Amino acid sequence: MPDRNIWLFTAAALVVVMLFFNRNVRLCAVLKEQIKVFKNAKKQRISLWDCLCFLVFPWVFSYICVYQLDFVIEEELAQLLTTVFSIVFTVLFGFAAVMVGKIHKTEKQVAEETFVSIVSANLMSLIAAILSIVLTQTKSEIIVKISSVVLLGSSLIIILLLLLITKRTFFLYVDNKD
């Protein structure tokens, strides 16, 4: 079994290298753009509070749930999450296509930031769906725990991004209503 864990970690490391260090995929560029969305409009600085809420607290929460409260995502829940994240991915992909056509000069910054958040949530949904599939196929306790932390943290970030997208879309609608 230890050999299997080594191969699983090797495979995971390869995926991380492919996703974050390949110039054609450029997930780091999306992450940088998402962090720019957390800029406080009044102070023109990145909001520490937003970065904590969107990038740190979900991971701390998921670590506490998995390692301190012994909550791991079981196979049945992982299968359900695969379906949910696939649906979220599909809906957001369609919404992103609509958003591209709706960028006007007056609300250009808000629309562009909303688009970045849609793309970020889309990518997180795709990664979460893949992790859910991994959880259904592995029996290694350490892989299940690590995957549970990442999946739970990703889920919280996706929920926060969906709320952000909803709020910004609402304000774009209200501004265009007049």
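Hi everyone. Let me start with how this chain is tied together: among contacts between residues at least 6 apart in sequence, 72% join residues at least 24 apart. Keep that in mind as we walk through the structure, which is a predicted model.

First, the parts list. The protein chain has six helices and two strands. If you read along the sequence, the order is α-α-β-β-α-α-α-α, so please keep an eye on those labels on your screen. As for overall dimensions, the C-alpha atoms fill a box of roughly 65 × 30 × 30 Å along the principal axes.

Now the surface. There are 178 residues in the chain, and 34% of them are buried. The chain exposes about 11600 Å², with carbon and sulfur atoms supplying 69% of that area. What about charge? The chain carries 17 positive and 13 negative charges, and the mean positions of the two groups are 11 Å apart.

Let's go inside. Which residues have the most contacts within the largest nonpolar core? They are F85 and L151, in a core of 27 residues. Helices α3 (48-68), α4, α5 (108-137) and α6 (141-177) each supply at least two residues of this core. The largest share, eight residues, comes from α5. If you are new to this, here is a useful background idea: in soluble globular proteins, nonpolar side chains tend to be buried together.

Please click on F85. Not counting residues up to four places away in sequence, F85 touches S125, A128, A129, S132, L151, S155 and I158. So L151, the other residue named for its core contacts, is among the residues that F85 touches.

Next, two residues in helix α4. One is T82, and helix α4 spans residues 75-101. Is T82 buried or exposed? T82 is buried because its relative accessible area is 17%, and the cut-off for buried is under 20%. The side chain of T82 reaches the backbone oxygen of A78 at 2.8 Å. Leaving aside neighbours within four places in sequence, T82 is in contact with A129, S132 and I133.

The other is L81, also found in helix α4. L81 counts as buried because its relative accessibility is 16%. Beyond its neighbours within four places in sequence, L81 is in contact with I73, S132 and L151. You may have noticed S132 coming up for L81, for T82 and for F85. Here is a distance to try on your own screen: L81 and Q34 are 47 residues apart in sequence, and their C-alpha atoms are 24 Å apart in space.

Finally, a look at two loops. A bit of background first: most residues other than glycine have a negative phi. Where does Q44 sit? Q44 is in the loop between β1 (39-40) and β2 (45-46). Its phi is near 55 degrees, a positive value in a residue other than glycine. Q44 counts as exposed because its relative accessibility is 53%, and exposed means over 50%.

D70 is our second example, in the loop between α3 and α4. D70 has a positive phi of about 55 degrees, although it is not a glycine. With a relative accessible area of 58%, D70 is exposed.

That's my tour. Thanks for listening, and please do ask about anything that was unclear!

Notes. Residues are numbered from 1 along each chain as its sequence is written. This is a predicted model: local features need pLDDT of at least 70, side-chain atom pairs count only at pLDDT 80 or more; totals for chains, interfaces and linings use all residues. Side-chain values use heavy atoms; hydrogens and water are left out. Helices (H or I, at least four residues) and strands (E, at least two) are DSSP runs, numbered from the N terminus. Buried means under 20% relative accessible area, exposed over 50%, partly exposed in between (1.4 Å probe, protein chains only). Contact means heavy atoms within 4.5 Å. Accessible areas come from the Shrake-Rupley method with a 1.4 Å probe; for residues, only the protein chains shown count as cover. Lys and Arg count as positive and Asp and Glu as negative; His and the chain ends are not counted. The place of a charge is taken as NZ of Lys, CZ of Arg, CG of Asp or CD of Glu. A polar contact is a pair of N or O atoms within 3.5 Å; within protein, one must be able to donate a hydrogen and the other to accept it, and residues adjacent in sequence count only if both atoms are side-chain atoms. A nonpolar core is a set of buried Ala, Val, Leu, Ile, Met, Phe, Trp, Tyr and Cys residues joined through side-chain atoms within 4.5 Å.
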